[in-house]
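These are my notebook entries on a single protein chain. I record below what I looked up, one topic at a time.

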Amino acid sequence: MILEKLYFCGSLGAMMNSEMSVREILEWYDAAGVDVTVGSVPFALVEKDAVLTKMPLRESNKEVAKPQRQATTELAQATQEACKNAKDLCQEIDRLDKLREAVENFEGCSLKLTATHTVFGDGNPQAKIVLVGEAPGADEDRIGRPFVGRSGQLLDKMLKAAGLGRDSCYITNVLPWRPPGNRTPTDGEIAVCLPFLKRQIDLIKPDYILLLGGSAANALLENAETISKLRGHWLSYQTTEGKDIKALATFHPAYLLRNTGQKAKAWADMLRLVKDYGLEKTDA
Ligand code: URA
């Protein structure tokens with residue numbers, strides 16, 4: 001969660017300012033899921049009046065409904081515009097390094113404001129297998145590369161055990177920026193960033209896509225099925241150029257770290273992939 005603009009907490013912030021120690025304030029933020037600050041002024045130290053003047057007065061439900069509706073419409077319009085900008089940008093780009101530069105300079109997604117790094121795809125640009133995760137986590141955001149934290153270490157082990165090095169794959173995410181506190185990305189954030197992922201796939205032209213988790217599978221396959229339903233059989237992703245690419249969905253490594261009993265299914269998915277790719281593996 002982001003610290004900036006939590007205006008609705010105004011009176012609480014002012015109260016904390018007078019009655020709570022800095023440690024208590026930080027603990028309160030931590031418990032509320034706030035782990036990112038924007039700007040240098042802690043919210044609880046913002047003047048009470050400055051906060052309250054930004055809060056809509058709740059005189060009647062009708063009066064607050066209007067600005068809320070307007071804000072929703074404005075957000076939807078901004079998202080639409082950002083999607084269009086991202087798509088237009090991508091159409092002109094025919095090289096991966098140019099695409100990386102375009103993503104790094106793109107200002108249409110607010111996740112960039114709270115991220116430390118833009119985490120673009122990584123690995124072999126000639127790879128026949130592209131792996132797609134959801135979004136960078138804290139380690140990836142700090143280092144600037146996808147899947148370098150605990151999930152990445154598990155993924156590396158699985159790839160190695162299946163006979164695939166990280167250097168024979170290209171690894172990327174639906175989102176190039178970490179959602180604050182690792183929250184689930186919104187549909188709008190996914191829609192804005194999706195053209196960049198699709199363009200990476202267009203440029204790499206892989207034979208296979210391994211979708212790590214439900215977010216990646218739902219975003220690229222444009223469906224809303226659960227990962228449990230999607231995994232375990234061949235699927236197909238159609239590129240923006242109309243080419244079908246064999247796709248497999250499997251559990252996200254972060255999910256496997258929490259649910260170790262599902263590792264056998266993910267391993268079976270990995271074996272299905274490498275068998276079709278031509279790397280025969282027989283044991284689990
Ligand atoms: N989880 C993801 O989905 N992607 C990463 O890069 C790291 C963790």
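Entry 1: strand pairing. Which residue in β6 is the bridge partner of Ser236? I looked it up in the model, which is predicted, and found Lys246 as the partner of Ser236. I then turned to the strands themselves. β5 and β6 are paired in the antiparallel sense, and 4 bridges hold this pairing. I noted that β5 and β6 form a hairpin, with 5 residues between them. In the turn of this hairpin, Gly242 has a positive phi of about 90°.

Entry 2: the other partner of β6. I next checked β4 against β6 and found that these strands run parallel, joined by 5 bridges. For Leu211, the bridge partner in β6 is Ala249. I also looked up how covered β6 is. This strand spans residues 244-250, and 5 of its 7 residues are buried, so I recorded β6 as mostly covered.

Entry 3: aromatic pairs. How many aromatic pairs does the model contain? The count comes to 4. I learned that a pair of aromatic rings is described by the distance of the centres and the angle of the planes. I looked up Phe106 and Phe196, which form an edge-to-face pair with 5.0 Å centre to centre and 75° between the planes. Why does this pair tie together separate parts of the chain? Phe106 lies in the loop between α5 (96-105) and α6 (111-114), whereas Phe196 lies in helix α9 (residues 187-204), so the pair ties together parts that are 90 residues apart in sequence. Phe106 and Phe196 are both buried.

Entry 4: a tilted pair. I then examined Tyr208 and Trp234, whose rings form a tilted pair, 5.8 Å centre to centre, with 45° between the planes. The pair links distant parts of the chain, 26 residues apart: Tyr208 is in strand β4 (residues 208-212), and Trp234 is in the loop between α11 (227-230) and β5 (235-238). Are Tyr208 and Trp234 buried or exposed? Tyr208 has a relative accessible area of 8%, and because buried means under 20%, I entered Tyr208 as buried. Trp234 has 28% relative accessibility and therefore counts as partly exposed. I added that Tyr208, Trp234 and Tyr277 form one aromatic cluster. Lys246, the bridge partner of Ser236, appears here again: the charged end of Lys246 sits over the ring of Trp234, 4.9 Å from its centre.

Entry 5: a pocket. What volume lies in the second largest pocket? I found about 660 Å³ of space there. The lining of this pocket has 26 residues, and the closest to its centre are Glu134, Ser151, His252, Ala254 and Arg258. The elements that give two or more residues to this lining are α7 (138-143), α8 (150-161), α10 (214-221) and α12 (253-258). The largest share, 4 residues, comes from α12. By residue type, I recorded the lining as 10 nonpolar, 10 polar and 6 charged.

Entry 6: one helix residue. Finally I looked up Glu81, which lies in helix α4 (residues 61-91). The relative accessible area of Glu81 is 53%, so Glu81 is exposed. The C-alpha atoms of Glu81 and Gly108 are separated by 8.4 Å, while the two residues are 27 residues apart along the chain.

Note on methods
Residues are numbered from 1 along each chain as its sequence is written. This is a predicted model: local features need pLDDT of at least 70, side-chain atom pairs count only at pLDDT 80 or more; totals for chains, interfaces and linings use all residues. Side-chain values use heavy atoms; hydrogens and water are left out. Buried means under 20% relative accessible area, exposed over 50%, partly exposed in between (1.4 Å probe, protein chains only). On a 1 Å grid over the protein atoms alone, a cavity is a set of points where a 1.4 Å probe fits but cannot get out, and a pocket is an open set with protein on both sides within 12 Å along at least five of seven lines; lining residues have an atom within 4 Å of a point. Grid points are joined across faces, edges and corners, and a volume is the space filled by probe spheres set on the points. Ala, Val, Leu, Ile, Met, Phe, Trp, Tyr, Cys and Pro count as nonpolar, Asp, Glu, Lys and Arg as charged, and the others, Gly among them, as polar. Rings of Phe, Tyr and Trp (its six-membered ring) pair if their centres lie within 6.5 Å; planes under 30 degrees apart count as stacked, over 60 as edge-to-face and the rest as tilted. A charge sits over a ring if NZ of Lys or CZ of Arg is within 6 Å of the ring centre and within 35 degrees of the ring normal. Two strands pair if DSSP finds at least two bridges between them.
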